[in-house]
Amino acid sequence: SVGWQLLQTLELCQGVRARIVSVCSQGASLVWCEERPPLDAHLDVSKCAFRFCVCTRALEVGEQGVRLGAVRIVLHNSPEYQVLASPQHIFLVPATASFATTSKFLLIWHPEKATLTITAPSAGFVHSKLLRSSSESDFRRLLLGSVGLLSGLAPLDIRTSAVSNSGGLLLVSTKGAVNIVEPDGTQRHIFDLEGGPLAQGSPVQLKTFGSILACMLAGVLYLIDQNSGRLIEKKILSMKEVHFLESLGEEDSIQLLTQTGIYSFSFSKPEDSSSPEPCLVEMVFEEACRYYQRRSLSSSKLTVEKLKKGGVFQAPVALTAILQHSLHQKQKPARGLQDTYTKLLSTMSLELQSYRSLELLKTCVVYAPESEVESYCEELVEQEVSRILHSDIDKDNLAYLNSIFASFPSAAWKATRSCLQLQQNGDGLLVARATPEVWKKVLGGPQQEEMGQNGVVPLFELICASFLRFKPKWLPSFVELTQQYVSISWAYSSKEGPEGRVPLYKRALGVLARKNKRSEADDEMELELLLCSKRPKAVLQALHLLIHLKRWQRVVEVAEKFSKFSPLLNKEIFTTLLAEFAQHRELDPYLDTLWPLCPAELTASDILTVVLQHLPCSQEDPVPFSSEGNQLTVGLLKPLLQRVVQRPCVQDEMYSDALQSPIFPPPTPPRE
């Protein structure tokens, strides 16, 4: 009855000319963004854009009234930001009128950890910096290491923003897309509002009630499941201007403040509806929309309503009829099914049974005691991995697989072994009995360059990372197995095949390079991956790596094994080792093994040329007998030169038959 009474006023800003543009409260602190106009009014536009400052002060309530603590600067020399508080973080959203080049990313400040995170919807997490001193709070210094990445990003498309009760930042774009940015910088799409691009003057209001997101747009109230993105209910209200009120402890209703009063709106329960439409049926139509849209030549967008009413696409209609028939069998008396669908139902019976068992398994996971959860999760992960490997692996499925491997690494490893049927045979060699379809899923699907920068990696890299974590010794054998499958299934250097892009051994090496800590075992793994590829460049790279590590016994073994693969590789290997032989005496104990590797086309003159080119430079005058004993002598080269001089000329042998033959033209010489 009395109304509001003013108890106290406090000056938040210290500067006389400062002006607050946005403010929020978090716990016992106030955070605000203030404008500090420059003293010189004739500065250019680019400098004037960075005249804002983000500050914070503690709010202390005592007997004498409210008192403000000291001002602490979070960010200075920054563009204009709208500050929004969650329980643990402060989100800094660029104002619409701010400088264009800085409106491509969001900032997230964590007061307890004193860190500032840069994130962009198109790129995900970009950078995080610990703010130790006031000099590090400078906006330009903060962006110094990320300018190259940020300059190529698209500008933010934000119509409305609000903080959810889970601590994430809800964003609505001008096209009607609702997304949530988590405090760690990751972004997730929730829902698309109907009607396409939003009208310029229509306000959008957001509020979360438990896991329900309420969205008010042009007199239409949308209730959306925040976790699944499913539309629960859509209501048209008689008033267009409403305000959501806090409803503490009541997550099944919404309080609305309007010009005529306060109203309570209760959620409709699905079981109260007379004719419920199962979520699974709705998912079938949504999946069918995506499927037909990808294959459609028309530019018009296909919606679920058009799909249901059109009558052109019979596949989703038939599938939903079968699903509704099977789902209602255990709940209510079975409804009649058309005769045309009966045969399809018998064909799908195994898939339907598998679906029911999967749903039952999920229920067991939810209600199982803690001791049994792990075994249920392993079974669930194996079924999910197997299901995805037997379906089309698009970007969504690949992102889902990445989350499975990240959340349940051990279970995902067991599922991978089971799906690929990986095991060791009697000789200790790794064998895989996976079907060609599964191999194509492992090696195909979206590649790294198609996935963007959201941290999603292709399936082959996921499996390689599992090998490195749980069974590192098997990784080279696995790469060798995949190469054998590729050579059978795709033509050499085919662009459609995985080897036509980045070789598999290089992709495995990329996974190895991403390990946080490097060890001697990783160096050995790099060698094995290079050698298992059997590619000339990779073999030579491994050889140079072994020479750098001075593992001469292994150098000779590799040379002896791979010189038999091709004459060109043989020549490269022998020339490399001959150059090493000229520089030091480490290979002297292995000369009896090395000299037989000399290619047939190398002459004594070629050998001496290589040796003379790689002799070490001496600072002193050469003497006949060095005290160091590491000089190359003719005696060491004599066995090799004798071998080269005494063997018959290769060209004489090759063309001897042709020269004696009376046939013209002579036959083609045999090739090795």
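**Figure 1. Helices and strands of the whole chain.** The chain contains 24 helices and 23 strands. The model shown is predicted. Of its 672 residues, 40% count as buried. Contacts between residues at least 6 apart in sequence can be sorted by separation, and 49% of them join residues at least 24 apart. About 40,000 Å² of the chain is exposed, with carbon and sulfur atoms supplying 54% of that area. The structure also holds 12 salt bridges, and some of them are shown in the views that follow.

**Figure 2. The salt bridge between E34 and R36.** Side chains of opposite charge can pair when their charged atoms come close. In this view, the closest N and O atoms of E34 and R36 are 2.6 Å apart. Is E34 buried or exposed? E34 has a relative accessible area of 2%, so this residue is buried. Its partner R36 has 38% relative accessibility and therefore counts as partly exposed. The salt bridge thus has a buried residue at one end and a partly exposed residue at the other.

**Figure 3. A salt bridge within helix α9.** The side chains of E384 and R387 meet here, with an N to O distance of 3.2 Å. Both residues belong to helix α9, which covers residues 370–389. How are E384 and R387 placed along the helix? They are three residues apart, so about one helical turn separates them. E384 counts as buried, at 6% relative accessibility. R387, at 38% relative accessibility, counts as partly exposed.

**Figure 4. The salt bridge between E524 and R554.** The side chains of these two residues meet at 3.1 Å, N to O. The pair links distant parts of the chain, as E524 and R554 are 30 residues apart. E524 lies in helix α17 (residues 520–533), while R554 lies in helix α19 (residues 552–562). Relative accessibility is 27% for E524, which counts as partly exposed. R554 is buried, with a relative accessible area of 18%; the cut-off for buried is under 20%. Which residues make up the network of salt bridges around this pair? The network links E524, E528, R551 and R554.

**Figure 5. An open sheet of three strands.** The strands are arranged in the order β19-β20-β21, and their pairing is antiparallel. Which strands form the edges of the sheet? They are β19 (243–245) and β21 (262–266), each of which pairs on one side only. From one strand to the next, the twist averages 35°. Strand β20 covers residues 253–257, and five bridges join this strand to β21. As an example of a bridge partner, Q255 is matched with S264 in β21.

**Figure 6. The surroundings of T56.** T56 is placed in strand β3, which covers residues 52–62. At 8% relative accessibility, T56 counts as buried. What does the side chain of T56 reach? It reaches the backbone oxygen of L30, at 3.1 Å. Leaving aside residues up to four places away in sequence, T56 touches S29, L30, V31, W32, A70, V71, R72, V74 and W109. L30 therefore appears twice in this view: its backbone oxygen is reached by the T56 side chain, and L30 is among the residues that T56 touches, while T56 itself is buried.

**Figure 7. Q421, a residue with positive phi.** Most residues other than glycine have a negative phi. What is the phi of Q421? The value is near 55°, which is positive, in a residue other than glycine. Q421 is found in the loop between helix α11 (409–420) and strand β22 (422–424). At 40% relative accessibility, Q421 counts as partly exposed.

**Figure 8. K550, another loop residue with positive phi.** The phi of K550 is near 60°, again a positive value in a residue other than glycine. Where is K550 found? K550 is in the loop between α18 (536–549) and α19. Is K550 buried or exposed? With a relative accessibility of 60%, K550 counts as exposed. Helix α19, on one side of this loop, also holds R554 of the salt bridge with E524.

Methods:
Residues numbered from 1 in each chain as written. Predicted model: local features only at pLDDT ≥ 70, side-chain atom pairs only at ≥ 80, totals over all residues. Heavy atoms only, no water. Helix = DSSP H or I, 4+ residues; strand = E, 2+ residues; numbered from the N terminus. Buried < 20%, exposed > 50% of the residue type's maximum accessible area, 1.4 Å probe, protein only. Contact = heavy atoms within 4.5 Å. Areas by Shrake-Rupley, 256 points an atom, 1.4 Å probe, with all protein chains shown as cover. Salt bridge = Lys/Arg side-chain N within 4 Å of Asp/Glu carboxyl O. Pairing = 2+ DSSP bridges. Axes fitted to C-alpha atoms, helices over the stretch in contact; angles between N-to-C directions. Polar contact = N/O pair within 3.5 Å; in protein donor to acceptor, adjacent residues only side chain to side chain.
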